[in-house]
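The exercises below are meant to be worked through with the sequence and the coordinates side by side. Try each task before reading its solution.

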Amino acid sequence: MSLYSFGLEPLSCHAWNKDRTQIAVSPNNNVVNIYEKKGKDWVKIHELTEHSGRITGIDWAPESNRIVTCASDRNAYVWTMKDGLWKPTLVLVRINRAATCVKWSPLENKFALGSGARLISVCYFEKENDWWLSKHIKKPIRSTILSLDWHPNNILLAAGSADLHCRVFSAYIKDIEDKPGPTAWGAKMPFGEVLLEQKDCGGWVHSVSFSPSGDQLACVTHSSSVIVVDAAQSKQVTQLTTEHLPMLSVLHVSPTELMAAGHDSCPYQFTYKGPGTLKFVKKLDIPKQTSKGSMSAMQHFRNLDKRATEDDSNELDTLHQNSITTEFFSDLPDVQHLQQLDFKVCQEKTDVLNQ
Amino acid sequence: MSKNTVSDRFRKVDVDEYDENKFVDEEDGGENQGGPDEAEVDGLLRQYPSATGGPEGLGARERPGGERAELLVVKVLSSFKSSDIEKAVGSLDKAGVDLLMKYIYRGFEKPSDNSSAVLLQWHEKALAVGGVGSIVRVLTARKTV
């Protein structure tokens, strides 16, 4: 496991390139910094400065090597590499509120953008006029979209929203792709069709994730619970309430294992093998055994007096010292990445998960 | 011009009320459900003085509404012996612990003579079982008790 600190600012979002040698991060402002790995260090090689508002989402398409960024200034830019520099292209997303999240589709011919305008903007490139167009999914969304995830078939899109619902929409754009075959979620998929509306998940739905096959959908909510909807088992819902603080990000690392992380600053592993079998497996952050020197009795009572606790440390005993905001799964066989609010990026090997 | 010649009544209209995409809280028709029968609960208490039946019994009913229920619950919780609290919490399932936490915090809102001390003991034991997650669920629950 390796750890690198990018400075003093919280990292609000990040994205890796295809072979994990470069990372695009935003230190909670309107700029995206791209770092490249040189030996043990990460060196800044590019700075993308087109946005005027705080950057809320970055996604890097591995095959076509394009970066899409979205910000609170209601814009999204697609960046392409030309002559060693990243050149931005404005996307007409037509939203009147901040964008909150953005994700390339699996085939990278379109991307979905969630926003505070209570709609999802699905954007695709139109060759005739050489610009990016967007189509909106509005009904029945009633509040800010907090998270998006694409189904492997490049058509279905899961969205978690602040209106406490988790939904699966069809984002089929007939101009650029063929009609999709039926899936476990449904057969008829015109654009904007709702194939699943999981009502009242208990809290804002912070993150959604499809399983590798696309048949299961996991989401984590602000009520500290993990929910899995299983399309292969007639959309049965399994919910697990946890005793941790709410989680902000969830990811399927394998068809049965889930990773979730959030305000507890520590990733947790869950396993799902069928309806009703969602279980917590373990915490993935093994706390470092700091050698706490023996405290004198005087120190002991002084602590009790001042702080009402006997413990002297101010640090959490996890690797990350602040909330974890997003996770990314790598295509490399055994690495999985995390990132969070207190400027550290951490890579973890998945063989830890298999123990 | 010192006087407005055009009416400004439009400024007092609440435009958000007319927005067709307004977020509407989906409330169940739970407000009219009667609270637990006081006599029945008293009877149960007399039968099983160190009973674990209190919070469970209330949890089994669907979300009793109103202040009566809240006072009742605090009464039941106060009647437990300190040593029995841990066992009682241990006998509840996850949903029961969440419901118990909701009532504990409701009880905190309106403290009476000795209720806070008792409720704090219950809180400590419930926290050990439910963790901070149960408190988060008290805060995020749309249906309050």
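**Exercise 1.** Which residues in α4(B) meet which residues in α6(B)? Go on to describe the crossing of α4(B) and α6(B).

*Solution.* The model is a predicted one, and the steps that follow should be read in that light. Start with the contact itself: from α4(B), the residues Ser82(B), Ile85(B), Glu86(B), Ala88(B) and Val89(B) take part, and they meet Gln121(B), Trp122(B), Lys125(B), Ala126(B) and Val129(B) of α6(B). Sorted by character, the residues of this contact comprise six nonpolar, two polar and two charged.

Next comes the geometry, since two packed helices are described by the angle between their axes and the distance between the axes. Helix α4 of chain B covers residues 82-90 and helix α6 of chain B covers residues 115-140; their axes come within 9 Å and cross at roughly 30°. Angles under 35 degrees count as roughly parallel, and α4(B) and α6(B) are therefore roughly parallel to each other. The hand of the crossing completes the description: α4(B) and α6(B) cross in the right-handed sense.

**Exercise 2.** Is strand β24 of chain A largely enclosed or not, and why? Determine also which way its side chains point.

*Solution.* Begin with the cut-off, by which a residue is buried when its relative accessible area is under 20%. In β24(A), which spans residues 268-272, five of the five residues are buried, so the strand is largely enclosed by the rest of the structure.

For the directions, recall that in a regular strand the side chains alternate between the two faces of the sheet. Here Tyr268(A), Phe270(A) and Tyr272(A) point one way, whereas Gln269(A) and Thr271(A) point the other way, and all are buried.

**Exercise 3.** Which residues are the bridge partners of Gln269(A) in β23(A) and in β25(A)? Describe both pairings of β24(A) along the way.

*Solution.* Take β23(A) to begin with: this strand, residues 257-262, runs antiparallel to β24(A), and four bridges join the two. Within that pairing, Met259(A) is the partner of Gln269(A). The hairpin of β23(A) and β24(A) has five residues between the strands, and Ser265(A) takes a positive phi near 60° there.

Turn then to β25(A), residues 278-283, which is joined to β24(A) by five bridges and is likewise antiparallel to it. In this pairing, Lys282(A) is the partner of Gln269(A). β24(A) and β25(A) also form a hairpin with five residues between them, and in its turn Gly274(A) has a positive phi of about 155°.

**Exercise 4.** In what order do the four strands of the open sheet in chain A run, and which are the edge strands?

*Solution.* The order is β2-β3-β4-β5, with antiparallel pairing. The edge strands are β2 (13-16) and β5 (41-48), since each of these pairs on one side only. From one strand to the next, the twist averages 25°. At the β2(A) edge, four bridges link β2(A) to β3(A), residues 22-26, in the antiparallel sense, and Trp16(A) stands opposite Ile23(A) of β3(A).

**Exercise 5.** How many helices and strands are there in chain A and in chain B? Set the burial and contact values of each chain beside these counts.

*Solution.* Chain A holds one helix and 28 strands, and buried residues make up 52% of its 355 residues. Chain B holds six helices and zero strands, and buried residues make up 33% of its 145 residues. Among contacts between residues at least 6 apart in sequence, those joining residues at least 24 apart account for 47% in chain A and for 77% in chain B.

Conventions
Residues are numbered from 1 along each chain as its sequence is written. Chains are lettered from A and ligands numbered from 1 in the order in which they are written. This is a predicted model: local features need pLDDT of at least 70, side-chain atom pairs count only at pLDDT 80 or more; totals for chains, interfaces and linings use all residues. Side-chain values use heavy atoms; hydrogens and water are left out. Axes are lines fitted to C-alpha atoms, for helices over the stretch in contact, and angles run from 0 to 180 degrees between N-to-C directions. Angles under 35 degrees count as roughly parallel, over 145 as roughly antiparallel, 65 to 115 as roughly perpendicular and the rest as oblique. A crossing is left-handed if the near helix is turned anticlockwise from the far one by less than a right angle, and right-handed if clockwise. Contact means heavy atoms within 4.5 Å. Ala, Val, Leu, Ile, Met, Phe, Trp, Tyr, Cys and Pro count as nonpolar, Asp, Glu, Lys and Arg as charged, and the others, Gly among them, as polar. Buried means under 20% relative accessible area, exposed over 50%, partly exposed in between (1.4 Å probe, protein chains only). Two strands pair if DSSP finds at least two bridges between them.
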